[in-house]
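Welcome, and please have your viewer ready. We will start with the empty space inside the fold, then step back to the whole chain and finish on a single strand.

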Amino acid sequence: MVRVDRDRCIGSGMCALTAPGSLELGADGLARPLRQAAPAGGGDSTGGENTAGGGPGPGEPLTERLAEAVDYCPVEALALYAAGDGRRIAPSP
């Protein structure tokens, strides 16, 4: 799953250009996943972090482009997490 820290995001667009099948810039100019996961704990998804992946299932397939998008973010607003156990994959914790 990819998570976007919208409090850190500056809307550079590098992620959306690198992984257009996974990320886009919203109307507010900030990055967001194309698919939203069910929010953890039953809250809404309007907070600082958004998740793509589709909830407790296997999540969005990790692609080289998505991993590159995480690496290219100039403010480290993107992170990848394992859908199964929630451990952080990238960038390294």
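A cavity here is a set of grid points where a 1.4 Å probe fits but cannot get out. The model you are looking at is predicted. How many cavities of 30 Å³ or more does the structure hold? There is 1, and the largest cavity has a volume of about 80 Å³.

**Stop one: the cavity.** Select Cys9, Ser12, Cys15, Ala31 and Cys73, the residues that lie nearest the centre of the largest cavity. They belong to a lining of 14 residues. Colour that lining by residue type and you will find 11 nonpolar residues and 3 polar ones, with no charged residue among them.

**Stop two: the whole chain.** Now switch to a cartoon view. You should be able to pick out 2 helices and 6 strands, which follow the pattern β-α-β-β-β-α-β-β along the sequence. Of the protein's 93 residues, 38% count as buried. Turn on the surface next: the accessible area comes to about 5,200 Å², and 52% of it belongs to carbon and sulfur atoms. For contacts between residues at least 6 apart in sequence, 50% join residues at least 24 apart.

**Stop three: strand β1.** Select residues 2–5 and show their side chains. Which residues sit on the covered face of β1, and which on the uncovered one? Val2 and Val4 are on the covered face, while Arg3 and Asp5 are on the uncovered face. Add β5, residues 78–81, to the selection: β1 and β5 run antiparallel and are joined by 3 bridges. To end the tour, click on Val2 and then on Leu80, its bridge partner in β5.

Definitions and conventions: Residues are numbered from 1 along each chain as its sequence is written. This is a predicted model: local features need pLDDT of at least 70, side-chain atom pairs count only at pLDDT 80 or more; totals for chains, interfaces and linings use all residues. Side-chain values use heavy atoms; hydrogens and water are left out. Buried means under 20% relative accessible area, exposed over 50%, partly exposed in between (1.4 Å probe, protein chains only). Helices (H or I, at least four residues) and strands (E, at least two) are DSSP runs, numbered from the N terminus. Two strands pair if DSSP finds at least two bridges between them. On a 1 Å grid over the protein atoms alone, a cavity is a set of points where a 1.4 Å probe fits but cannot get out, and a pocket is an open set with protein on both sides within 12 Å along at least five of seven lines; lining residues have an atom within 4 Å of a point. Grid points are joined across faces, edges and corners, and a volume is the space filled by probe spheres set on the points. Ala, Val, Leu, Ile, Met, Phe, Trp, Tyr, Cys and Pro count as nonpolar, Asp, Glu, Lys and Arg as charged, and the others, Gly among them, as polar. Contact means heavy atoms within 4.5 Å. Accessible areas come from the Shrake-Rupley method with a 1.4 Å probe; for residues, only the protein chains shown count as cover.
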